[in-house]
Amino acid sequence: MAQILNGAQILLECLAKENVDCFFGYPGGVTLPLYDALYDHTVKHVLVRHEENAVFAAEGYARATGKVGVCCATSGPGATNLITGLVDSMMDSIPIVAITGQVSSHLIGSDAFQEADTFGITRPCTKHNYMVQRLEDLPRIIHEAFYIASTGRPGPVLVDIPKDIFQAKGEYKPVTTIHLPGYKVPTGGDAAQIRRAAEMIWQAERPLIYAGGGIIAANASSQLRELVDLAALPSVCTLMGLGALPADHPQYISMPGMHGSYTANMAITESDLLIALGVRFDDRVTGKLAAFAPNAKVIHVDIDPAEIAKNRTPDVPIVGDVKHVLEALTKVVAELKPALQPATAAPRAAWQGKLNGWMRQHPYDRPTSNTEIKPQHLMSEIDRLSAGEAIVTTDVGQHQMWSAQLIRFNEPRLWINSGGLGAMGFGLPSAIGAQFARPDKLVFAIVGDGGFQMSIPELATMVSYGLPIKIIVMNNGHLGMVRQWQELFYHNRLSQVKLDCFPDAEKLAAAYGFKGSTVSKPGDLAAALDVAIREPGPYLLNVMVTQFENVYPMVPAGAAISEMVLTPVAVA
Amino acid sequence: MQQVISVLVENQPGALLRVTGLLSARGYNIESLTVARTIDPELSRMTIVVDVEERLHVQVIKQMNKLVNVLQATEMSGETAVIREMILLHIRPSHHVRAAVLKEAEMFGARIVDSSTDGFALEVTGEPGTLEEFIGVMKSYSEIEVTRSGAIAVSLEARKLRLQPPVPTRTFVRTEIPVEEMDGVPNA
């Protein structure tokens, strides 16, 4: 009983079949037939104010849920505006399906109005991409796109659909199987390697888990926790992995890397076994590669075979879904425990003691002042209010690093940031996506005064959908991170980093029909945050913080992570 | 250092672009590339010669295998594969060396595909290194024009031609969409 539908209707049927409950987009000329079909459809469309923010919102949705985030844009400028978000989701392995309109088939290649070679432009920005050439291919391609986006190492898939395909009518035959002969999805790891890893885990005297975004992508947090509890393994979580292990867990240390904690970086440097789970030995974590974990054997579990031995050659490589591998590994670790645990119990207790000592001696710096709000003070206050449970999205820069350092996350999928690409303007739109995904959650969009000004148009989206997002602007009047580097590495020649005009937060919010305020005295901060949280709708809190505060610890570019700069240094 | 890669790829739009784009994005220079359909008309075989540091050879193969349309990418080396290239060469020797040119051509196993008072068109296949020598010899006689096909290779290891099972196939189970998730209200 095939139905006769047009391409636009078939697309919406396919989205419904993929359980898409909402998608983010912006209409245009060639997507008119799609938006016409949408008029009668129940799949919810969220109208953003800029296509770039449609991807960011879809990413916020995907990062908060693990489901595929969907966005839509028209041809030409609509499609090119998606690029930043596509690359962002590629870098952070976020499942996204992007639908773009294309000019009608007979016009392709004629430099038609709003034509761009979207297929060609997005090839290196996506895990895979398609251009639909025949209506009968449309359902297959849409379902393949969701399958590819969400399986293996997740990533963005773009489907470019010409206007005449949206309009063409045909029989809609639901697709029941997908056949992708070249697409490989690793599942369980090699049993012999897993056994070897389990033995090494007990034999190690100074073991350390180095867990990343792969744990979150694989929904493997509870499996990670089982292993950590079973073998009492000290653990660090990367920027992408915050919340993979609860921040309050006794074995959790903190974040390693360029702005990681003293203990996390020293633990890596002194460990004799690094258990790398869903990480890619990114340069922001490793610093100088040759000096990274110099004394450690490495077990590396990753679903992407190309990550194994890309930057560091492991002693035990395991290609597989980290969830399945952890389940199998924990079983063998438990089996070996009675025989192997006693031999290393004493040195391991000493190791944990050493780590605890470092954590006491070198916690993150939390300076306060009577006259100015220190950024660290702001993050500590947000941490107190969140208590490890709120969703926090950020832009990129100093506020992102202080948030990552000082705000606890006791569950995965609470910490949402642009890690690999480092895209400014990510915080507010991703908060919109996250709040759609989790209407029950308190969502903070912590942004800098620079990044916020890149996403101001989305205030309208937030207000029109009634999303109670709490926007916290950490306002230091500068592009803080760039300024910090100019101060430290460019003789303090501050070039084009002063942002000397910022809108009045109260008036700006009022202009959009919601509430906002500015706070600049440390004594007023807690009360201002309380007001923001008690407000049933959205709130814009502009927090004037110390202008020239720097993020520490800091590993200078090219240095070993053990060579952290811990405290402010004199300007060169 | 040169690396010869054999890639079995689905005949899909943009497949060539994906493979070459991957190489250029990582800064690898393509020395030669050939592509043609296999016995199965849905698949093509590419042979690519890339200039890439030896320590990155494995990484290149892994990255290729990640492409959705690539069924298999394999490294071809001299010991486990036969690597050949063809060239077409036009030479205009002066009359007194025509016989010598033909003699040399014969030694390299070249075929004469065109002969005129002007000169010869020669066709020769062989290992890329041997062909370099051939070109060098021919150049010593006269001006030449050369077109090279780029290398093609076939593996001598049977297992390298076999695909890794299982080929992933996903079966759909139609699920009803929960009403509360969709609120049932059309966007109008």
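Q: In which strand is A:Val301 found?
A: A:Val301 is found in strand E13 of chain A, which covers residues 297-302. Strands are DSSP runs of E with at least two residues, helices are runs of H or I with at least four, and both are numbered from the N terminus. This is a predicted model, in which local features need pLDDT of at least 70 and side-chain atom pairs count only at pLDDT 80 or more, while totals for chains, interfaces and linings use all residues. Residues are numbered from 1 along each chain as its sequence is written, and chains are lettered from A and ligands numbered from 1 in the order in which they are written.

Q: Why does A:Val301 count as buried?
A: A residue is buried if 20 or more other C-beta atoms, placed from the backbone, lie within 10 Å of its own, exposed if 12 or fewer, and partly exposed in between. A:Val301 has 32 such neighbours inside 10 Å, so it is buried.

Q: What does A:Val301 touch, not counting residues up to four places away in sequence?
A: Contact requires C-beta atoms within 7 Å, again placed from the backbone. By that rule A:Val301 touches A:Gly189, A:Ala276, A:Leu277, A:Gly278, A:Ile318, A:Gly320, A:Val322 and A:Val325. A:Val301 and A:Pro317 are 16 residues apart in sequence, and their C-alpha atoms are 6.3 Å apart in space.

Q: Why is A:Ala309 called partly exposed?
A: A:Ala309 has 17 C-beta neighbours inside 10 Å, which falls between the two cut-offs, so it is partly exposed. A:Ala309 sits in the loop between E13 and strand E14 (316-319) of chain A. Its phi is positive, about 70°, although it is not a glycine.

Q: What makes A:Asn219 partly exposed?
A: There are 14 other C-beta atoms within 10 Å of A:Asn219, so it also lies in the range between buried and exposed. A:Asn219 is in the loop between helix H10 (213-217) and helix H11 (221-231) of chain A, and has a positive phi of about 50° without being a glycine. Most residues other than glycine have a negative phi, and most peptide bonds are trans.

Q: Which peptide bond is cis, with omega near -5°?
A: That bond runs from A:Tyr552 to A:Pro553. A:Pro553 lies in the segment after strand E20 (539-544) of chain A.

Q: How do you know that helix H14 of chain A is not straight from end to end?
A: The expected span of a helix is 1.5 Å times one less than its number of residues. H14(A), residues 322-361, has 40 residues, and a straight helix would reach 58 Å, but its end C-alpha atoms are only 34 Å apart. A kink of about 70° lies at A:Lys337, shortly before the proline A:Pro338; the bend is the angle between axes fitted to the seven residues ending at a residue and the seven starting there. Among the buried residues of H14(A) are A:Val322, A:Val325 and A:Trp351.

Q: Why are the buried residues of helix H20 of chain A said to be on the same side?
A: The buried residues of H20(A), residues 480-489, are A:Gly480, A:Met481, A:Arg483 and A:Gln484. They cover an arc of only 160° around the axis, which puts them on the same side; the arc uses directions from the helix axis to the C-beta atoms. Their cover includes helix H16 (398-406) and strand E17 (443-448) of chain A.

Notes:
Contact = placed C-beta atoms within 7 Å.
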